[in-house]
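Open the model in your viewer and keep the sequence panel beside it. Each stop below says what to select and what is there.

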Amino acid sequence: MNAVSHLSSTATSNTCLAAALVAVGIPLAEKPFVRVVGDGIRGERVVWFFEPQSPDGKFQTKELITAWNDDAWHLANPEHPFAYIKCALKNRERLVDKVKQDVPLACVKRRGKIALLPLDASPRTEDLFLRHL
C-alpha cells in the first residue's frame, strides 16, 4: 500500500465520522487534517486523516469508515460501540434540526412579571399577553 492509498482509505471529510473514529480510539495522523478550497468546493472542505487502527488493534479505521455508511452493518452490529456513537450523533443532528424548526419565544419582563411570547404571534395575541403584564 502506498502513502496516497493509505491516506485515502483512512481519511474522511465527514466531521461526525471523524469524531466517532476518535471516540473509539483511532488516533489522528501526524498531520490530522487539511483545509481545501478551490474548484467544485463551496467554501472550504476539511479532510481528516487517521492512523490505520487503534493502538490496541481492536478497531480498523478503513473497516469503520466503510461501516459508517452501511445500514446493514449497523443492523447486524447494534451493540458495537461505533453503532452507538453514530446513533448518538444522528440523534443530536435530529434534535438540532427540531430546535431550528421551532419558533423561538421572546421573553418580555414588565413590572416583575414575565411573559414568553412566540416571535410569530399575531398582533392580537401579542396585545393579549402584554395587557397582563
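Select Leu130 and show everything it touches. Apart from neighbours within four places in sequence, Leu130 is in contact with Val108 and Arg110. This is a predicted model. Leu130 belongs to helix α6, and it counts as buried because its relative accessibility is 18%, where buried means under 20%. Now add Lys109 to the selection: 21 residues separate Leu130 from Lys109 in sequence, yet their C-alpha atoms are 9.5 Å apart in space.

Stay in helix α6, which covers residues 123-131, and select Arg124. Is Arg124 buried or exposed? Its relative accessibility is 71%, so Arg124 counts as exposed. To see how far the model reaches from here, draw a distance line from the C-alpha atom of Arg124 to that of Trp73: it spans 54 Å, for two residues 51 apart along the chain.

**The hairpin of β4 and β5**

Select residues 105-110, which are strand β4, and residues 113-118, which are strand β5. The two strands run antiparallel and are joined by 6 bridges. In one of the facing positions, Arg110 stands opposite Lys113 of β5. Together β4 and β5 form a hairpin, with 2 residues between them.

Next, select Arg111, in the loop between β4 and β5. What is the phi of Arg111? It is near 50°, a positive value in a residue that is not glycine. Most residues other than glycine have a negative phi. Arg111 is exposed, with a relative accessible area of 70%.

**The open sheet**

Turn to the sheet of 3 strands. It is open, its order is β1-β3-β2, and the pairing is antiparallel. Which strands lie at the edges? They are β1 (11-12) and β2, each of which pairs on one side only. Color residues 15-23 to bring out helix α2, which packs on the sheet and touches β1, β2 and β3. The direction of helix α2 makes about 15° with that of β3.

Now look at β2 and β3 by themselves. They pair in the antiparallel sense over 6 bridges. Select Leu28 and then its bridge partner in β3, Phe50. The hairpin of β2 and β3 has 2 residues between the strands, and in it Gly40 takes a positive phi near 75°.

**Aromatic rings**

Show the side chains of the aromatic residues. How many aromatic pairs does a search of the whole structure find? It finds 3. A pair of aromatic rings is described by the distance of the centres and the angle of the planes.

Select Phe33 and Trp48. Their rings form a tilted pair, 5.2 Å from centre to centre, with 55° between the planes. Phe33 is in strand β2 (residues 28-38) and Trp48 is in strand β3 (residues 41-50), so this pair ties together parts that are 15 residues apart in sequence. Trp48 is also the bridge partner of Phe33 in β3. Phe33 is partly exposed, at a relative accessible area of 33%. Add Lys31 to the view: Lys31 lies over the face of Phe33, at 5.8 Å from the ring centre.

Move on to Trp73 and Phe82. This aromatic pair is edge-to-face: the centres are 6.4 Å apart and the angle between the planes is 75°. Trp73 and Phe82 are both buried. Add Trp68, and you have a cluster in which ring pairs link Trp68, Trp73 and Phe82. Then select Lys86, whose charged end sits over the ring of Trp68, 5.1 Å from its centre.

**The cysteines**

For the last stop, select the cysteines. How many disulfides are there? The count comes to 0. Take Cys16 as an example: the closest cysteine sulfur to its own is in Cys87, 13 Å away, which is too far for a bond. A disulfide needs the two sulfur atoms within 2.5 Å. Cys16 is partly exposed, with a relative accessible area of 33%. Cys107 is also partly exposed, at 48%.

Terms used:
Residues are numbered from 1 along each chain as its sequence is written. This is a predicted model: local features need pLDDT of at least 70, side-chain atom pairs count only at pLDDT 80 or more; totals for chains, interfaces and linings use all residues. Side-chain values use heavy atoms; hydrogens and water are left out. Rings of Phe, Tyr and Trp (its six-membered ring) pair if their centres lie within 6.5 Å; planes under 30 degrees apart count as stacked, over 60 as edge-to-face and the rest as tilted. Helices (H or I, at least four residues) and strands (E, at least two) are DSSP runs, numbered from the N terminus. Buried means under 20% relative accessible area, exposed over 50%, partly exposed in between (1.4 Å probe, protein chains only). A charge sits over a ring if NZ of Lys or CZ of Arg is within 6 Å of the ring centre and within 35 degrees of the ring normal. Two strands pair if DSSP finds at least two bridges between them. Contact means heavy atoms within 4.5 Å. Axes are lines fitted to C-alpha atoms, for helices over the stretch in contact, and angles run from 0 to 180 degrees between N-to-C directions.
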